[in-house]
Amino acid sequence: MKTRRLFTFLLIATALFSSSCCSNNEKSAPKSAKNVIVLIGDGMGPAQVYSLILTSPEKTAFQRFPYSGFSITKSASNEITDSAAGGSAIANGKKTNNGVVGMDTDSIPVPSMLEMFSEQGKKTGVVVTCSVTHATPADFLAHNISRQNNEEIALEISEKEGLDVLFGGGKKYFTERKDGVDLISKMWEKGWNIYDSLPQIEDNNAKTMVLAARKHLPEAPKRGDFLPNATAKAIEMLDNEKGFFLMIEGSQIDFACHDNDSATLVEEMRDFNKTLDVVLDFAEKDGNTLVVVTADHETGGLTFVDPESRYTRTDFKFTTGSHSAIFVPVFSYGPGAERFTGIMDNTEIISKIMDSAK
Ligand code: MG
Ligand code: ZN
C-alpha cells in the first residue's frame, strides 16, 4: 500500500515536473532563422582578427558576437588548403582538392548553400571585393574543375537562375572573352540590370549585378566604403517575406597577408569590421537573421612578437608568404548561433546553418 502511494506520488510529480519543463522548453525553443548572412574573411586566422583588436581604440564588431568557435580548414588533397577547396567545403560541406570550386574529389558538382536556399524560395546574393569569378564567390555560384577558368565561371554565373544580387569586380571575364561573347548584353536581355557602380541602381526588385572593376577592386582604403555600402544595399534589396541568403567576402585580407603587408592588412580588417557592424545592426533590428563569420584558411602565418625579448614592443611577424594550416575562428549571432561553438570541421558549417534555418 505504501509503495503504491509512493508510486502514485512519483507519477504525479513526474507529470507536473515534465509539463512545467516542456512548457518552459517551448518558450525558450530556439526559433528558426529566416535570413542567413555568411561572411568570409579570406585568409583571416585568429591573428588577423587580433591585429584589428590590437590597433583599435574602440571595441570591434568581432567582440559583439555572443558565440565563437574554431574551424579546421585542411582540404582533401592538402594539409594546407587554398581558397577554392577551403571555400568549397564551407559552401557545400564536401572536402575537395586544392584548386577545385563547387565539386567533390570525383569532379561531381555539389550544390552550395546559396543554391539550396534559392531552391527554398529565398532571395540570394554575393558581395565581394575581388572578381566575382574568383575562388570564394565561385564556390557559392559555380562548379568548375579549376579556379583558373574565370571565363567559364563567368559564363556559368551569367546563366545562373536563383541569384538576385551580385556585387564585386571581374568585368573583363564577362566582356573581354576568348569566345567573343558579351555576357553583359546577354544578361540584360534576360532581365538583369548591370552597372559599374552602386549608386546607379534604380530598381531594388530587379536581378542586379554591379561589376565595379575590370578585375579585383583596389585595396583598402583606396576603394572607399565599397564593401560596407554594397552590403547595406544588398540587404536592402534582398530583405523579403520569405527571407534571403547573402555571402559577403573580405576578399583582400588574403592579398595583404600574401604580401606580408601589415598596414594594408589592418585597413582590410577595418573595412571588414565596418561591414560586420552593418550586418549586425541589421540582424539586431531584424531578430530573424543568423550571422556566421569565418575564414577559408589563414594566410601569412601571422603572429605578434617581442623583438627584443623584453616585452617592450609588439611587432607584426609574418612567417610565410603562403597560407598556413592553423585553424580559423568562427563567430555567430542570431537564431541557431549556439551551434557554432567548440572545434568544428569546415564541412560541418553548412549543416549547422541549414539546421538553424529550417
Ligand atoms: Mg577569396
Ligand atoms: Zn591566398
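A salt bridge here is a side-chain nitrogen of Lys or Arg within 4 Å of a carboxyl oxygen of Asp or Glu. Keep that cut-off at hand for the exercises below, and remember that the model is predicted.

**Exercise 1. Salt bridges across the chain and within a helix**

Task: Decide whether Asp277 and Arg64 make a salt bridge, find where the two residues lie, and then do likewise for Glu115 with Lys160 and Glu236 with Lys233.

Solution:

Step 1. Start with the general idea: side chains of opposite charge can pair when their charged atoms come close.

Step 2. Apply the cut-off to Asp277 and Arg64. Their closest N and O atoms are 2.7 Å apart, and the pair forms a salt bridge. This pair links distant parts of the chain: Asp277 is in helix α11 and Arg64 in the loop between α2 and β2, 213 residues apart.

Step 3. Check the exposure of both partners. Asp277 has 25% relative accessibility and counts as partly exposed; Arg64, at 28%, also counts as partly exposed.

Step 4. Move to Glu115 and Lys160, whose side chains meet in a salt bridge at 2.7 Å, N to O. Here too distant parts of the chain are linked, with Glu115 in helix α4 (residues 113-119) and Lys160 in the loop between α6 and β4, 45 residues apart. Buried means under 20% relative accessible area, so Glu115 at 16% counts as buried, and so does Lys160 at 12%.

Step 5. Finish with Glu236 and Lys233, where the closest N and O atoms are 3.4 Å apart. Both residues lie in helix α9, three residues apart, which is about one turn of the helix. An α-helix has 3.6 residues a turn, so residues three or four places apart point the same way. Glu236 is partly exposed, with a relative accessible area of 47%, while Lys233 counts as buried at 18%.

Step 6. Look for shared partners: salt bridges join Arg64, Asp277, Asp281 and Glu284 into one network. By the rule above, the count comes to 17 salt bridges.

**Exercise 2. The magnesium site**

Task: Which residues are the protein donors of the magnesium ion (ligand 1), and how are they spaced along the chain?

Solution:

Step 1. List the donors. They are Asp42 (OD), Thr136 (OG1) and Glu249 (OE), lying 2.0 to 2.2 Å from the ion.

Step 2. Write the spacing as a pattern, D-x93-T-x112-E. Thr136 in helix α5 and Glu249 in strand β7 (residues 244-250) are 113 residues apart, a link between distant parts of the chain.

Step 3. Add the accessibility. Thr136 has 0% relative accessibility and counts as buried; Glu249, also at 0%, counts as buried.

**Exercise 3. The buried face of a helix**

Task: Which residues of helix α6 are buried, and what covers them?

Solution:

Step 1. Pick out the buried residues of α6 (residues 150-158): Asn150, Glu151, Ile153, Ala154, Ile157 and Ser158.

Step 2. Ask how they are arranged. They cover an arc of only 160° around the axis, so they sit on the same side of α6.

Step 3. Identify the cover, which includes α5 (135-141), β4 (165-169), α7 (172-175) and α8 (183-189).

Step 4. Try the approach on helix α2 (residues 46-55), whose buried residues are Ala47, Gln48, Val49, Ser51 and Leu52. Among the elements covering them are α10 (253-258), α11 (262-286) and β13 (328-333).

**Exercise 4. Backbone details and a surface patch**

Task: Where is the cis peptide bond at Ala220, and which phi values do Ser309 and Tyr311 have?

Solution:

Step 1. The cis bond joins Ala220 and Pro221, with omega about 5°. Pro221 has its place in the loop between β6 (208-211) and α9 (226-238).

Step 2. Phi of Ser309 is near 55°, a positive value in a residue other than glycine. Tyr311 has a phi near 60°, likewise positive.

Step 3. Place both residues: Ser309 is in the loop between β10 and β11, and Tyr311 lies in the loop between β10 and β11 as well. Ser309 counts as exposed at 60% relative accessibility, and Tyr311 is exposed with 80%.

Step 4. End on the surface, where Phe70, Ile72 and Ile343 form a nonpolar patch with about 260 Å² of accessible area together. Phe70 lies in strand β2 (residues 67-72) and is partly exposed, at 31%.

Terms used. Residues numbered from 1 in each chain as written. Chains lettered and ligands numbered in written order. Predicted model: local features only at pLDDT ≥ 70, side-chain atom pairs only at ≥ 80, totals over all residues. Heavy atoms only, no water. Patch = residues over 30% accessible without salt bridge, like charges linked within 9 Å, V, L, I, M, F, W, Y side chains within 5 Å. Areas by Shrake-Rupley, 256 points an atom, 1.4 Å probe, with all protein chains shown as cover. Helix = DSSP H or I, 4+ residues; strand = E, 2+ residues; numbered from the N terminus. Buried < 20%, exposed > 50% of the residue type's maximum accessible area, 1.4 Å probe, protein only. Arc of directions from axis to C-beta. Contact = heavy atoms within 4.5 Å. Donors = N, O, S within 2.8 Å, 3.2 Å for Na, K, Ca; no water.
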